[in-house]
Amino acid sequence: MPGGYAGKFLEADLLKGKISETRFDDETLEAYFGGRGLAAKILWDRIGRKWAKVDALGPENLLIALTGPMTGIYPGGRICVSGKSPLSNGTVGSTASTEFAHELKCAGYDGVIVSGRADEPVYIQVTDEGGEIKPAGHLWGKDGEETLIALNREVGATLAKKKPNVGLWREPGMIYIGPAGENMVRNAAVMTKLCHACGYGGYGAVMGSKNLKAVVAKGRGRMPAVDAPEAAKLLWRRSHEYLIARSGFRRQGTGYGGYGFGNNTSSEPIRNWQEEWHDERSFGGPMFETRFWVKKKWSDWNCTTNCMKVSCIKTGPWKGDITDMPDYELQSHCGTNFGIFDPEACIHLSTLVDKLGHSGINGPNAMGYAAELYQRGILTEKDIGFELKWGDPEAFDRLMRMIAMREGIGDVLAEGTYRAALKIAEMKKMRPEELLKYAVVVKGIEVGAHGTRSDADFAHDISYAASVQGGDHTSLADDGYSDMSGSIFADSGVFCSFAYGGVPQELVFDFAKAITGFPITIESWRRVTGPRIVTLQRALLLMGGPDVTWKPIEDDDNPPRFYEPLPNGPYAGKTTDRAKVKSKMQTYFQTLGWDERGIPTRETLDKLGLSDVEPFMRKLRE
Amino acid sequence: MSKPIWIARDYAACSGCKRCEIACSLHHEGWMWPEASRVRVFMPFPGCEVPHLCAQCNDYPCVDSCPVQALSTDADTKAVIVDREKCISCGKCIKACPGQVPILHPGDDKAIICDLCGGDPECVKVCKEAGYNALMLVEEGPSVHRRLFSRNPIEVAKDLAVLFFGEKGEEVI
Amino acid sequence: MSKPIWIARDYAACSGCKRCEIACSMHHEGWIWPEASRVRIFMPFPGCEVPHLCAQCNDYPCVNSCPVGALSTSADTKAVIVDREKCTGCGACIRACPGSVPFLHPGDDKATICDLCNGDPECAKVCKEAGYNALMLVEEGPSVHRRLFSRNPIEVAKDLAVLFFGEKGEEVI
Amino acid sequence: MPGGYAGKFLDVDLSKEKVEDTTFDDETLEAYFGGRGLAAKILWDRIGKRWRKIDGLDPENIFLALTGPMTAIYPGARIMCSGKSPLSNGTVGSTASTEFASEIKMAGYDGVIVTGKAEKPVYILVTDEGGEIRDASHLWGKVGEETIKLLNREVTEELAKRKPNVGLWKEPGIIYIGPAGENMVRNAAVMSKICHACGYGGYGAVMGSKNLKAVVAKGRGKIPAVDAPESVKLLLKKTHEHLIGRTTMRRWGTGYAGYAVGADTSSEPIRNWQEEWHDEKSMGGPRFENRFWVKKKWADFGCTTNCMKISCIKTGRWKGDITDMPDYELEAYCGTNLGIFDPGDNVHMSAVIDNLGHSGINGPNTMGFAAELYQRGILTEKDFGFKPAWGDAEAMTKLAWLIAERRKIGRVLGEGTYRAALKIAKKKGMKPEELLKYAVHVKGIEIGAHGTRSDADYTHDISYAASVQGGDHTSVAVDGFTEMSAAVFTDSAVFCNFCFFGVPQELVFDFAKAITGFPITQESWRRVTGPRIVTLQRALLLLGGPDVTWKPVGDDDNPHRFYEPLPTGPYKGSKTDRALVKQKRKTYFETLGWDEKGVPTKETLKRLGLSDVDPLMRKLRK
């Protein structure tokens, strides 16, 4: 067996309440590696043929939580959650840093594949003895913080009871959902460690749809053996040397972006992207650090980047709120995007977003969207129940809870920005376009906090438009070549992209080879494995359904707002260049061997060993 | 190195990266094995990380507790040494330890306790390299303080929670 | 050394030992002279120590404010350089600085601003030597963040007070 | 002029409201160096002849706050307070680390000499422009924290008004008194930085007797020039290397001794020294560190030992209490000696004591004495108005306030342990011995937290008995030789003795020579300068009066309790050896050239240039 893999995957059929184990042959593992890639393959094999009919929130969808061969060995252990996305109706490889990943491996599993739906709330407990489905009725309705505390105590106690004499048991690793996931808020996140989230894709809702509150793992075994242990050890040390050298990033993480991206690159969402520039100095890193950071070097398993910092509010009405940093994405989405420039309010809303189990990016995107509709008088105080004014933390606090509980207008917004737009159009008897023009989404997935208009940030013309993961800022389309060895690799090897940047790519791929023993290189990834994964994801994305199906090429575009000129700042007047989008889109398709509408050609599919997908693509071509 | 040494700890400085566990198990087990690591970082609540390892109490209750004399102290480093041949996995040392530091090895169920790597602890090296200094090497013989560090990590974490989060900290663990 | 550098600060890590002031004044004044030191530790309440020094804002408001062009920036380090011949001691740079960092030298009343010791700041050296790392040398050119560190030290101390002392911190400064 | 000195002293007569500068000739400076030594000299010259008639709290007494030539140059800047002690009726050199020391030197002064008594509360402000007497009515009655806050604001604003355009003014250095000092509690401390104290000697009471709330200094000048600048710079670097090498002292300061001195060396005061051993692990350093230390490396001007750590109570009834560590002395005196073994209660008591301006050692010694009298039924609930039970932090807090405000029983206890014993004896119609046997003091000065009975600590038989500063644990008598170059030296050069230990003494004396240019060596100190200072202190101590005069030899003894066997612990049964005390005291006197009663001989006085003291000593020899 190739190195780095525990070798088996845990299968949980919640309908039958059955637990079993699955293995995949070496060829499959080599062809799809792990995480994001393997998830797409599993989905295709099991529900690909009825894809368009599968409701992402129905029992036939799968919730897949996978590690990769590099997880826990390469710095920055992560878990990759996937399934059919209730937002894009395609697939997303959604990752988060958590001890759940290496605990799972030490328990002897590379991942968990959950199908069906439990009648009662449950959680799955994975240990060296295998998996167990356990009742979670007492956890249902609890927020993230309460869930984490309760499970730490409960599972800790059970394990200690099982093996009382081996010494102290450590807390398990876990992924869980908050009320948002339970109530199937379409863009809800799979949460872990209080404030880490698999945010994109809406897999929190998928877990909720299965009555699955959490998956908990505690393993006492060793990490899987690797193909070339001595090389792996050396590479491990070397890669940490690179990470440790990144003094600036280690010091501040992305926590300084709240001011920097707005002020410097004019690409920060402000008031639902109506603006992308600000000079609010109250909102700078130091103001967070000096008053709120109680731990300035916080890391996950095997990470020396420690880009996280634990924040705590010590005084006032939000006293006791705890969150991580917030990082740039939440500084903007729980801050500037709400017109909020007060660090304390931003920390409070970030904490609340995490507790409720919203995705810190996608949830607030929908809220910002609602606030703009209120600003424009499309949604009224009557619709919402109160005034939804920019910069009013109390108002957004209420809206956040309403969406998580699907109360009032929250029930509509819980469908995610795209579907909410359509529903509101219906409600208000307006044409969809009239509402979609304020929806900053790509293929149902709300866009991350990096605008394309100034062209000064790392997101450009087709970054989102061509991406198989839509608005996901962690998986941007570039030239269909270099991006393959970027996020697609990290999401399939399953480690943190922040532990990737700063380390020479050659070293990382040598590491991958030393771990697995596969003849893997940057080139092989850029030419074969990466494209294979992306092409399969593209196929599933285009098949879409049941409620929404994307039109090839037409829907491969930016949100309308990105074509409005920037209203202020050094880049005032600048907008995303349509012509450039068109031309680069074609190059992208060509590079990947897709036709002019972005449908994979027969040759490409054959070349990538995806011939069985061809029949479905043929339909699309016609 | 033959001087008595000790691994001083600054809990509040621990990032929770657990590289100490990796370095320790690489050294003792030949590969990454967190649950077989002689230092284990507890995290009963995120942010409250507690590196848990032998503190070499000056009165060595674990050594005295062993019914088969499998435990002894190293003449140089003063570390507790486990004779795996003799150990019968009875767990008495665990119960005797005020902080329940020892564990039975997940592989062979023999008691395992930090042996200070013969005087050059791997955990300290990686922690220092990363600039955390949550674990610090101190050249110092056993003192009465030591037993104070042999404390249940959950209790320690409860204190940290209050230090970091104030009143809120009283609820989270 | 010719790269642009910056002195990053971790206020919470400052011990208040003021060796940075001693090292700075020894370097620039030839002898210990805290009030002539380019870095000054403010301590409006014991425990809330704030190293106060130039942050090299990327827009250099001080340089632009000088009526006689006495201020310029070093091409190498990007530090603000004061031409003591030209300086009239009018204090315009002090008022222009968002953090009121510059001050008139207690000896000759000329504007005094951190010159980054031409790339090898004494303050960062002694702070690192003592293991505080409240002042850290980083190789990085001016960025918009810089101006956020140019902030009134009393305001910074008020934040620290809350971080350290919670609600009590709101009363002490 | 010799190096290291600013060259002038501020001479303030509060009765005449006169402020002028004084200087001393080089010979005097060389003969008495500074701080403790120079203070004794000044006192002798100015009021020595009338010594017996002057009460420590009379306007005639002189309050001295002096630096030394090494202050603010050698690491660990301190201020030394002195005057006729209202406790011993002799003199004590009482030091504390504070920026006041460096600031006053920068203002161009080596110290402040205060005589007379102001009509209303005042404080003295020292700047480069000189000294001025300012109204302090609004500060009178304020606790330490408040006083610092108000003075920082007031003085910074005032200075900014005077020189508005030089840039931001930094806060000044301050020494001040709390309510205890204001109300002339005999063992009250001169405070600084909320938790640093010149504790021994009762100089807080002396300030109070002069209506002097504080002395504030802000200088903008250079630290005084030195004789050999280049060597000083090198020596400074080297000294810091030595200090930085002291890993554990830097990490923990003395904060870990609260457990060890009790559990290990059995020399920790418990319930007014009834016991000296305990195994209360709750009082261990980690408990303080993990729960309360918000800053783990805290230092004063030019110090890399950073043995201080800032503690803050975050929850519960003492929430918001702030203090330093507490260090061992306060762990013992505000903890174990009051029967308190809870870290939170201990931090609280220390904060209370500091805020009230009690001496953290001497004040609680009296409180412990009172609590024992209560335990023995000599003092009753009626006397207190409540039950001062061991371990009851609420009650002890009440008691601390009563004493500081000199109300009820506090009126008596405010006299310090020794005088309180006598007063209570009278009140209860008992023989003085019956009460003095519970009073743990030497020559009116309550004893530091290091017992002599186990003989396992650094204090032994004559450490206190023969010391010219009585119970002062920072100035213990050893063999009349080695201590000269230790405490007596650091208190006169005026720097922190924690920056003295761990540095080779040769290096320190080279440092002294390089600074001053005096032909000073370790030997010259041990043989001449040290003995000169101590002999003069001894003379003044023996002169004593007006209320108490100590019997030579008769009173050169340990408190009664130190001859009782230890009741518990590994050293159970052991006690201080009377025979040893007798014999070592004799040697001690001989070494210093004093007669068998400890009265300096004519020859000795002549040799040390103290001939003018001889007439007064002659009377004693009779």
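In this predicted model, helix H12 of chain A, residues 343-356, packs against helix H15 of chain A, residues 393-405, at an angle of about 5°, and the two axes lie 10 Å apart. Because angles under 35 degrees count as roughly parallel, that value makes H12(A) roughly parallel to H15(A). On the H12(A) side the contact is made by Ala345(A), His348(A), Leu349(A), Leu352(A), Val353(A) and Leu356(A), which meet Pro393(A), Phe396(A), Asp397(A), Met400(A), Arg401(A) and Ala404(A) in H15(A). Sorted by class, the residues of this contact between H12(A) and H15(A) comprise 9 nonpolar, 1 polar and 2 charged. An angle and a distance, both taken between the axes, are what describe a pair of packed helices in general.

From packing inside a chain we can turn to the way the chains meet. There are 5 pairs of chains that touch, and among these the pair formed by chains A and B has the most contacts. Chain A contributes 37 residues to that contact, and chain B likewise contributes 37 residues. On the side of chain A that touches chain B, at least two residues each come from helix H3 (99-106), helix H4 (144-162), helix H7 (229-244), strand E13 (293-298) and strand E14 (308-312) of chain A. Of these elements, E13(A) gives the most, with 4 residues. The class composition of that side of chain A is 17 nonpolar, 10 polar and 10 charged residues. Chains A and D, by contrast, do not touch, and their nearest C-alpha atoms are 9 Å apart.

Chain D offers a sheet that can be followed strand by strand. Here 3 strands form an open sheet in the order E13-E14-E15, with antiparallel pairing. Its edges are strand E13 (293-298) and strand E15 (322-324) of chain D, each of which pairs on one side only. From one strand to the next, the twist averages 15°. Between E13(D) and strand E14 of chain D, residues 308-312, there are 3 bridges, and these two strands run antiparallel. Within the sheet, Trp293(D) stands opposite Ser311(D), a residue of E14(D).

What lies across E13, E14 and E15 of chain D? The element in question belongs to another chain: helix H6 of chain C, residues 153-165, lies across these strands and runs at about 75° to E14(D). Because angles from 65 to 115 degrees count as roughly perpendicular, the direction of H6(C) can be described as roughly perpendicular to that of E14(D).

Conventions: Residues are numbered from 1 along each chain as its sequence is written. Chains are lettered from A and ligands numbered from 1 in the order in which they are written. This is a predicted model: local features need pLDDT of at least 70, side-chain atom pairs count only at pLDDT 80 or more; totals for chains, interfaces and linings use all residues. Two strands pair if DSSP finds at least two bridges between them. Axes are lines fitted to C-alpha atoms, for helices over the stretch in contact, and angles run from 0 to 180 degrees between N-to-C directions. Two residues are in contact if their C-beta atoms, placed from the backbone, lie within 7 Å. Ala, Val, Leu, Ile, Met, Phe, Trp, Tyr, Cys and Pro count as nonpolar, Asp, Glu, Lys and Arg as charged, and the others, Gly among them, as polar. Angles under 35 degrees count as roughly parallel, over 145 as roughly antiparallel, 65 to 115 as roughly perpendicular and the rest as oblique.
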